[in-house]
Amino acid sequence: SILAQTLGSRNTTIKKLTLDDNFILSAGVGALLDTGSHITDLDLQHNFIGNDGASLLARSLENNALPYLTRLTLSFCRIGGDGCIALVSALRENTSLLQLDLRYNGGYGFNERAYLVLAESLPEIKVLQQLDFGWCESLASAMPLLLA
């Protein structure tokens, strides 16, 4: 919260912000999103943002409230199927994000429904160039959906 206030109160030119393994929860994500900064690369891996934090990020992405963000790293963030669905759905409207890393969230409720939403959304996602899902257990069973 203090970092977010500092970033928001100064005319900062920070482009890359790495907050790896800092015990950031969904409330911290909300505070960070309120800064209105010009960050292009946001790394939140190894934090406990969960579905709630992912949903906050999704709303900002969907509304293009982070117009400069091109890379978002959310590996090991305890994001489940609902958070994944929110993020993927937001990408239909987003105009900046090129890379999204969701690796190692599979143990938190990623399911075939999340991958089905991804498969249905892919034709409508115009900007995203790279989506990482490494080590998500249900991905193998959903692969026919994604390839279709």
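## Burial and surface

Of the 148 residues in the chain, 45% count as buried. This is a predicted model. The accessible surface of the chain amounts to about 7,600 Å², and carbon and sulfur atoms account for 51% of that area.

## Fold

The chain contains six helices and five strands. Following the sequence from its start, these elements appear in the pattern α-β-α-β-α-β-α-β-α-β-α.

Contacts that link distant parts of the sequence can be described as well. Taking the contacts between residues at least 6 apart in sequence, 83% connect residues at least 24 apart.

## Confidence

The mean pLDDT of the chain is 85. A value of 70 or more is reached by 81% of the residues.

Confidence is highest in strand S3, which covers residues 71-73 and has a mean of 98. Confidence is lowest in helix H6, at residues 139-147, where the mean is 61.

## A nonpolar patch

Phe23, Leu25 and Phe48 together make a nonpolar patch on the surface, with an area of about 310 Å². One of these residues, Leu25, lies in the loop that runs between strand S1 (16-18) and helix H2 (26-33).

Why can Leu25 count toward such a patch, as far as accessible area is concerned? Leu25 is partly exposed, because its relative accessible area is 47%, and patch residues need over 30%.

Methods:
Residues are numbered from 1 along each chain as its sequence is written. This is a predicted model: local features need pLDDT of at least 70, side-chain atom pairs count only at pLDDT 80 or more; totals for chains, interfaces and linings use all residues. Side-chain values use heavy atoms; hydrogens and water are left out. Patches are made of residues with over 30% relative accessible area and no salt bridge: like charges are joined within 9 Å, nonpolar side chains (Val, Leu, Ile, Met, Phe, Trp, Tyr) within 5 Å. Accessible areas come from the Shrake-Rupley method with a 1.4 Å probe; for residues, only the protein chains shown count as cover. A salt bridge is a side-chain nitrogen of Lys or Arg within 4 Å of a carboxyl oxygen of Asp or Glu. Helices (H or I, at least four residues) and strands (E, at least two) are DSSP runs, numbered from the N terminus. Buried means under 20% relative accessible area, exposed over 50%, partly exposed in between (1.4 Å probe, protein chains only). pLDDT is the predictor's confidence in each residue, from 0 to 100. Contact means heavy atoms within 4.5 Å.
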